[in-house]
Amino acid sequence: AVLVKSDGNYESVVGVDESLGAKSTGFSRVYDIKSAFDTASDKFVIVYADPANSSYPTSSVATISNTNAVSYGTKTAIQATNIGGEGIDVCYVANRSKVACVYRNGGSGMALERGTISGTDITWDNRLAITNWNSAGSIKHRMIYNPDNNLLAVAYRSGSTGGSTTH
């Protein structure tokens, strides 16, 4: 195990056993895969563009057992829109005990969704379509949650100008 210190250096951690468990092959041929850990449910949310389903934004809940085995919930299409291979991100929103997902909404902008984990599945709701801010055709979406002010920041590469944008 390795500890990253506040100054950016790292050192070995003594007395900690490492166990990675078995290799998990829950996803094959997926594009732009991202994940976030939901501390309220103690599970991971994995989002990706699914080429087997018209590159729709898709999600699955992953559970890691006490023996380090990984199991996956039902694969869920977030929305029926082709996001291509480079336009999705997810993060955990602590003050709401939810996850948020941003993705390319076809070629017309971006969409922001709220996800709720229940057992081994996730439901998505409260879609916000974003069609301004040069977001049409946007790619390379990244999102982060700031717990100090309970806000989300989204960065992406603009489709119309090619420059980077943050909101």
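1. Let's start with Asn150, which sits in the loop between strands E12 and E13. Keep in mind that this is a predicted model, so treat what follows as a description of that model. The hairpin made by E12 and E13 has four residues between its strands, and Asn150 has a positive phi there, near 55 degrees.

2. Is Asn150 buried, partly exposed or exposed? Asn150 has a relative accessible area of 39%. Buried would need a value under 20%, and exposed one over 50%, so Asn150 ends up as partly exposed.

3. What does Asn150 touch, once you set aside its neighbours within four places in sequence? Its contacts are Asn95 and Tyr145. Have a look at Val93 too: Val93 and Asn150 are 57 residues apart along the chain, yet 7.8 Å separates their C-alpha atoms.

4. Now for the two strands on either side of that loop. E12 covers residues 139-146, and it pairs with E13 in the antiparallel sense, with six bridges. If you want a spot to find on screen, look for Asn146, which stands opposite Leu151 of E13.

5. E13 (151-157) also turns up in the lining of the largest pocket, where it supplies at least two residues. Strands E9 (98-104), E10 (110-118) and E11 (121-130) each do likewise. The pocket holds about 340 Å³ of space. Its lining has 15 residues, and those closest to the centre are Val93, Arg96, Ala100, Leu112 and Leu152. You met Val93 in point 3, as the residue whose C-alpha is 7.8 Å from that of Asn150.

6. What kinds of residue line this pocket? Sorted by class, eight are nonpolar, three are polar and four are charged.

7. Last, the cysteines. How many disulfides does the structure hold? The count is zero. Cys91 is in no disulfide, and the nearest cysteine sulfur to its own belongs to Cys101, 9.2 Å away. Why can't Cys101 bond with Cys91 here? A disulfide needs the two sulfur atoms within 2.5 Å, and the sulfur of Cys101 is too far from that of Cys91 for a bond, because the gap is 9.2 Å.

8. Don't picture these two cysteines out on the surface, though. Cys91 has a relative accessibility of 8%, so it counts as buried. Cys101 is at 0%, so it is buried as well.

Methods. Residues numbered from 1 in each chain as written. Predicted model: local features only at pLDDT ≥ 70, side-chain atom pairs only at ≥ 80, totals over all residues. Heavy atoms only, no water. Buried < 20%, exposed > 50% of the residue type's maximum accessible area, 1.4 Å probe, protein only. 1 Å grid on protein atoms, 1.4 Å probe; cavity = no way out; pocket = protein on both sides within 12 Å on 5 of 7 lines; lining within 4 Å. Points joined across faces, edges and corners; volume = space filled by probe spheres on them. Nonpolar A, V, L, I, M, F, W, Y, C, P; charged D, E, K, R; others polar. Pairing = 2+ DSSP bridges. Contact = heavy atoms within 4.5 Å.
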